[in-house]
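Hi everyone, thanks for coming. Please have a look at the structure on the screen, and I'll walk you through it.

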Amino acid sequence: MNLFTDIRALVLDSLSAMMDEGALPAGLDTGNVAVEPPRDPAHGDMATNAAMVLAKPAGGKPRDIAEALAARLSADTRIARVDVAGPGFINMALSDTVWQDTVRHAILTGPDFGRSDLGQGKRVNVEFVSANPTGPLHVGHTRGAVFGDALAALLDFAGYEVTREYYINDGGAQVDVLARSVYLRYLEANGQEVAFEDGTYPGNYLIPVGEALAAQYGDALVGKPEAEWLDDLRDFATDAMMHMIRADLAALGIEMDVFFSEKSLYGTGRIEEAIENLRARDLIYRGVLEPPKGKRPEDWEPREQTLFRSTAHGDDVDRPIMKSDGAWTYFAPDIAYHHDKIERGFDLLIDVLGADHGGYVKRLKAAVSALSEGRVPLDVKLCQLVKLWKNGEPFKMSKRAGNFVTLRDVVDQVGPDVTRFHMLTRKNDAPLDFDFAKVLEQTRENPVFYVQYAHARVCSAQRKAREAGLNVDDAALAGADLSGLTHPSELAVARKLAEWPRMVEIAGRTNEPHRIAFYLYDLASEFHSLWNRGNEEPALRFVQDGDEATTRSKLALARAVTVVISAGLGILGVTPVEEMR
RNA sequence: GGUCCCAUAGCUCAGCUGGAUAGAGCGCACGCCUCCGAAGCGUGAGGUCACAGGUUCGAAUCCUGUUGGGACCGCCA
């Protein structure tokens, strides 16, 4: 149930009736007719631009069309008042029963209130995190992880069939570096002094891996040439890192459906197959690229490479897929990986990447466009940097100095709920401040707290009612007479609730889960406002001593608020609390 | 040089497939607890939506250009 689409349907029905009767020319395109909440509440609950959109094609004056349409709309019982305003807006005020019904509907539908069929069961693959398996996840990954997981949950709620996927970069040079680094730790575990030169990973997190190796191999690998241990140690170390990364993700409440190994693309013909697919479309050729304009790399010299004609699908230059020495570039397995996703039958692909990968968006889209013949859209969501603050000072991370902050550090200090919510309080392409002190503050400026507080207040009121011996179960609340919910502050809360299904669709259409977080803040604000009004007007308090019927109707409204907050927090992956502590 | 992202109140930021008088928090000024949790609520001041053109009934939103900030730019992933 989405009130806005319901009313839009009413508007469209009325328009087609007018066309049938000749009041409007037949066959008008009504695609641009919108029904939205007006910015100014004085304009009513719903406004439509129908008259202005149709005036030109219909060859009439906006106000004339508006008057005729308004007359029809006013016949509907849901609509209390219609007026034509401004250049031809039709403003509608809905009757109180509409909002009361919304409250009842929210309670009866429960966690499914707001679910949408926007996705129509289409299969979407959300790839996120995909950090190199060479160390623990850090704060930057945390944002992508939370964003991707919340986006996946949002799309599920919006009617898609969602797969959460992690691409393991275990096929490149960096896992060889990992293996050598682990070998050093292994030697260390065997009592040797070792030095970590440039190009190795010095992090302490590899110490236990070295110890585990020593436990398994003893000193059998000491002094042996690299060729004898590289393959085994690479697998061993990669497994250990992925084990750690999975645990990191689990600490945030994230569970992937698929871990896809880059290595599985090599030596299996998968890369060749994808490239042949492109070659068959005449998109692969041997050639020499122009040097980059502006600052030219020192060692640049023209070389012939194998190139993907990505310019045929919207890229700015063609991209190398094979180096001059005959090895694949990293882009080749990326192509094969996306080819694989397309072959698995997804209708929509989403890649969540760090902002520093912005330069790869066009070539990835070109590859997916070419491989799927334009059938499968790829949406790339870039997550901007997270700026850390400690004690009011910006906190600079440096891997070299070993003071980089890990996902685990953050979750251990502030908890998964606060971490997740806060990561979604900015849109993905805006930089985000993360202040270890501020995110734990319990004030209005901290949205996590503010939303949780609203939820806790409802639970508190419910407890109080129960202590008074009242049945406030959902069935009792939904069955209550809600016709007494008529105060402007109460209706304001109900109106906000009615926006929930619409918010889900907007957020789902734009792939922007942060909209859910902002909506929840707005809803909490309306609720707190009503709650505090009870200080001055006792008639607005949720629990009315000695008046069970009124208490039930007011608690129904409050319960509907928690239904939506729970559902919204559920999408964000945050647990609602029943009391603050 | 090129590509992508960003520019909205003193500060941090929202702003719906283009809608009416552009919103919130913080900060500032002033109010509200013998009262369901005041960890909250209310009122007020505060804006050339970076700039200049264009598209149209209508632009913070779409297009072009300019300025300023960030990211990236063959044989690293």
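I'll start with the chain as a whole, then go to the RNA, and finish with a few local spots.

First, some housekeeping. This is a predicted model, so to speak of a local feature I need pLDDT of at least 70, and side-chain atom pairs count only at pLDDT 80 or more, while totals for chains, interfaces and linings use all residues. Residues are numbered from 1 along each chain as its sequence is written, chains are lettered from A and ligands numbered from 1 in the order in which they are written, and side-chain values use heavy atoms, with hydrogens and water left out.

Now chain A. The C-alpha trace spans about 85 × 65 × 40 Å along its principal axes. Chain A has 18 helices and 15 strands; these are DSSP runs numbered from the N terminus, with helices being H or I of at least four residues and strands being E of at least two. Of its 581 residues, 50% count as buried. Buried means under 20% relative accessible area, exposed means over 50%, and partly exposed is in between, using a 1.4 Å probe and protein chains only. For contacts, meaning heavy atoms within 4.5 Å, we can look at pairs at least 6 apart in sequence: 72% of those in chain A join residues at least 24 apart.

On to the RNA. Which residues come nearest to RNA strand B? There are 72 residues around the strand, and Arg39, Asn91, Tyr360, Gln442 and Arg502 come nearest. A residue is near when one of its heavy atoms lies within 4 Å of the strand. On the RNA side, sugar and phosphate make up 60% of the strand B atoms that come within 4 Å of the protein.

The bases are touched too, through polar contacts, that is, pairs of N or O atoms within 3.5 Å; within protein, one must be able to donate a hydrogen and the other to accept it, and residues adjacent in sequence count only if both atoms are side-chain atoms. The side chain of Gln442 has an N or O atom 2.3 Å from a base nitrogen. For the side chain of Asn49, the distance from an N or O atom to a base nitrogen is 3.4 Å. Val543 uses its backbone instead: an N or O atom there lies 3.2 Å from a base oxygen.

Which element gives the most to this surface? That is α17, with 10 residues. Elements that each supply at least two residues include α2 (50–58), β4 (89–94), α14 (447–467) and α16 (488–510). By class, the surface near strand B has 24 nonpolar, 21 polar and 27 charged residues. Here Ala, Val, Leu, Ile, Met, Phe, Trp, Tyr, Cys and Pro count as nonpolar, Asp, Glu, Lys and Arg as charged, and the others, Gly among them, as polar.

Next, helix α11. Is it buried or exposed? Eight of its 11 residues are buried, so α11 is largely enclosed by the rest of the structure. Among those buried residues are Val361, Arg363, Leu364 and Leu371. They pack against several elements, including α9 (270–280), α10 (331–343) and β12.

Following α11 comes Glu373, with a positive phi near 55 degrees. Most residues other than glycine have a negative phi. Glu373 sits in the loop between α11 (361–371) and β12 (378–383), and it counts as exposed because its relative accessibility is 62%. Val129 also has a positive phi, about 65 degrees, although it is not a glycine. Val129 is in the loop between β5 (123–127) and α5 (139–157), and its 13% relative accessibility means it counts as buried.

Two serines to finish. Ser181 is in helix α6 (residues 173–189) and counts as buried, because its relative accessibility is 0%. Beyond its neighbours within four places in sequence, Ser181 contacts Phe196, Thr200, Tyr201 and Leu206. Ser116 lies in the loop between α4 (96–109) and β5, and its relative accessible area of 11% makes it buried. Leaving out residues up to four places away in sequence, Ser116 touches Phe157, Ala158, Gly159, Val504 and Glu505.

That's my tour, thanks for listening!
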